[in-house]
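Biologist: I should like to learn how the features of a protein model are read. May we go through one together, step by step?

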Amino acid sequence: MSEQSSRPGVVRRFFGESVRPYLGLQIEIGICLIVSVALEIADPLILRVVIDRALGDRDEALLVTLVALLGGVLVFRVAFRLITVWLYSYSGLRILFDFRQRVFEHVERLSVWFFRRERAGDILARLTTDIDALQRAAAHTVVKAVQDLLTIAVILSALLWLNAPLTLGLILLYPLLIFLLSRINRRLRSESLAARDAIGGLYMFLEERLGRMRVVQEFRREIREAQQHVKVSRPWIASNLKMSVIGAGQVSLADAMVTGAFIVVFLLGGLQVIDGSLSLGSLVAFYTLASRLYRPISGLIDINIDLQVARAALGRVYALLDEAPEIEEAPNATVPESRPGEIAIDHVGLRWPDGSRALEDVTLRIAAGQVVSLVGPSGSGKSTLAASIGRFVDPGEGTIHLDGLDVRQWRLGALRRHVGLVTQETQLFHDTLAANLRLAKRRASDDELWSALRVAGLEELVRKMPDGLETLVGEEGQRLSGGERQRLALARILLKRPRVLVLDEATAALDAETERTVLERLLAAASGCTVVIVGHRLSALTFVDRIFVLSGGRLVESGSHAELMSTGGLYRRLFELPEEERSEPLRPQ
């Protein structure tokens, strides 16, 4: 995934796509901000009247009225502040929820090969910490920036009205401050991106090590991996430390500038009070307003740090969001009326992104209701061809027709319901047996679950478990053995009741006798389905209607077991080899 954090317009894109739908809410927030800022400058102006009129003229009634007015301003200011905080917090959370949902739904559309190519930890970091970094910008930072800028503008206007020469002296140093801050921004942005990349690397390390803790313990690598954790964490610590130092430098710079400006105010204002050109009340009001410039200015500096972090995070998230799905539904996609399960593969070819050939000019036919097998040496393309039937991967050349319609013209949801795929790599959720089974049929009854488990040879085992169907399988099904996980996956696919069943090394973890028993029960339960079996234990596949032999991505032989044994070709040589010499990895590299 290419990073986009440095590309101009990424923040504008976020506001256009994610913030604009909540424009009405932003207007409400804006109105509250205007009222809040107006109330911010009200009490210094009232204080001016208190000193110059009420105290100067010893007017008790006016003093009581002005003090009551100050109390009312305080109450309204607190109320509008609470309302504003609620509004922009709600707005930000809604915006971020919608954005995270949009990214998650996009990730769901990416092909399984994307997840094999990219590191899960980095994807997780983009979905969590990177979007969390945006939350402060969306729910707090932007609104605060607007409020601070509006506050500065209103206070400066009031100061100019009170005393224009004094105001010009006050703001004399601010252009220099803005110039220096702009010079720091570039370094701050680069450190922000480095910090986001570093946390992604840390997530990748933790995700991989926690998922393979048995290997760490088996090879006594606890100390080495702990040292590696320190090494991986250092870039993140260093980048955040640099950002903290830069941020502290910005605040110190602003503090020095503002303090210098106040010195100018006291010097020039004091001289004007002494010579009688400025009243004491006006100087107090001027100083009170001027002191309130410090908070929004220092707030803008803090906001600048948050915005640079958010911009870096936003670029990483958009890099994921802009990852084009490899499998997309055609605009005119449809579903055939007839669904017998006939498969026609014509001149199919496929190359991996690195240029290696996975399939080349493969042509074969599978009649509806046939049971066939794909066999061949390691890397011959069996798994790739099997996955292409359900469009988990699309060939670059040729076509695959299911029930007379190119699979690329099928509605994707209907195709996935029509084709059931079980791979050697069983994927289970950290949930109960029943919940994992019901992924295939949400409203399946307990009787249906037990029936599927019976076919897969798991009924007796599950009934002996204290919690039965409510037994938790653990993360990735780690509380079950490899063979039990595979049989659970087979039971699940039975509940789906597909018309085409693809078994890609789906019984590889079972012994030969159990495998044959399970396959016999499965095929009996799936009677009438078209079944494609990818396997390396050829002795368990002699019963199929037809065997297709692949080598180097090409179809080199086909026929029944007896026919292929009699020809003495590749199939016979494979059949006579030990199983471990013809087993195939999950997918070609």
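**Strands, sheet and helices**

Modeller: Let us begin with a pair of strands in this predicted model. Strand β6 (residues 419-423) and β7 run parallel and are joined by five bridges. Within this pairing, Gly-420 has Leu-501 of β7 as its bridge partner.

Biologist: How do strands of a sheet pair in general? And with which strand does β7 pair over five bridges in the parallel sense, besides the one just named?

Modeller: In general, the strands of a sheet pair through backbone hydrogen bonds, either parallel or antiparallel. Here, β7 also pairs with strand β8 (residues 530-534), in the parallel sense and over five bridges. Val-502 stands opposite Val-532 in β8, and the bridge partner of Leu-503 in β8 is Ile-533.

Biologist: What is the order of the strands in the open sheet?

Modeller: The open sheet has six strands in the order β6-β7-β8-β3-β9-β10, and its pairing is mixed. The edges are formed by β6 and β10 (554-559); each has a single partner strand, so one side of each is left without a neighbour in the sheet. From one strand to the next, the twist averages 15°. Helix α17 (residues 482-496) packs on the sheet and touches β6 and β7, and its direction makes about 175° with that of β6.

Biologist: Which way do the side chains of a strand point, and is β7 enclosed or open?

Modeller: In a regular strand, the side chains alternate between the two faces of the sheet. In β7, Val-500, Val-502 and Asp-504 point one way, while Leu-501 and Leu-503 point the other way, and all are buried. Because five of the five residues of strand β7 (residues 500-504) are buried, this strand is largely enclosed by the rest of the structure.

Biologist: How are two packed helices described? What is found for α2 and α3?

Modeller: Two packed helices are described by the angle between their axes and the distance between the axes. The axes of helix α2 (residues 23-55) and helix α3 (residues 60-109) come within 8 Å and cross at roughly 160°. Angles over 145 degrees count as roughly antiparallel, and α2 and α3 are therefore roughly antiparallel to each other. The crossing in which α2 passes α3 is left-handed. By class, their contact has 25 nonpolar, four polar and six charged residues.

Biologist: Is Ser-388 buried or exposed, and with which residues is Ser-388 in contact, leaving aside its neighbours within four places in sequence?

Modeller: Ser-388, found in helix α12 (residues 382-389), is buried, with a relative accessible area of 2%. Leaving aside neighbours within four places in sequence, Ser-388 is in contact with Val-393, Pro-395, Ile-400 and Val-407.

Terms used: Residues are numbered from 1 along each chain as its sequence is written. This is a predicted model: local features need pLDDT of at least 70, side-chain atom pairs count only at pLDDT 80 or more; totals for chains, interfaces and linings use all residues. Side-chain values use heavy atoms; hydrogens and water are left out. Axes are lines fitted to C-alpha atoms, for helices over the stretch in contact, and angles run from 0 to 180 degrees between N-to-C directions. Helices (H or I, at least four residues) and strands (E, at least two) are DSSP runs, numbered from the N terminus. Angles under 35 degrees count as roughly parallel, over 145 as roughly antiparallel, 65 to 115 as roughly perpendicular and the rest as oblique. A crossing is left-handed if the near helix is turned anticlockwise from the far one by less than a right angle, and right-handed if clockwise. Ala, Val, Leu, Ile, Met, Phe, Trp, Tyr, Cys and Pro count as nonpolar, Asp, Glu, Lys and Arg as charged, and the others, Gly among them, as polar. Buried means under 20% relative accessible area, exposed over 50%, partly exposed in between (1.4 Å probe, protein chains only). Contact means heavy atoms within 4.5 Å. Two strands pair if DSSP finds at least two bridges between them.
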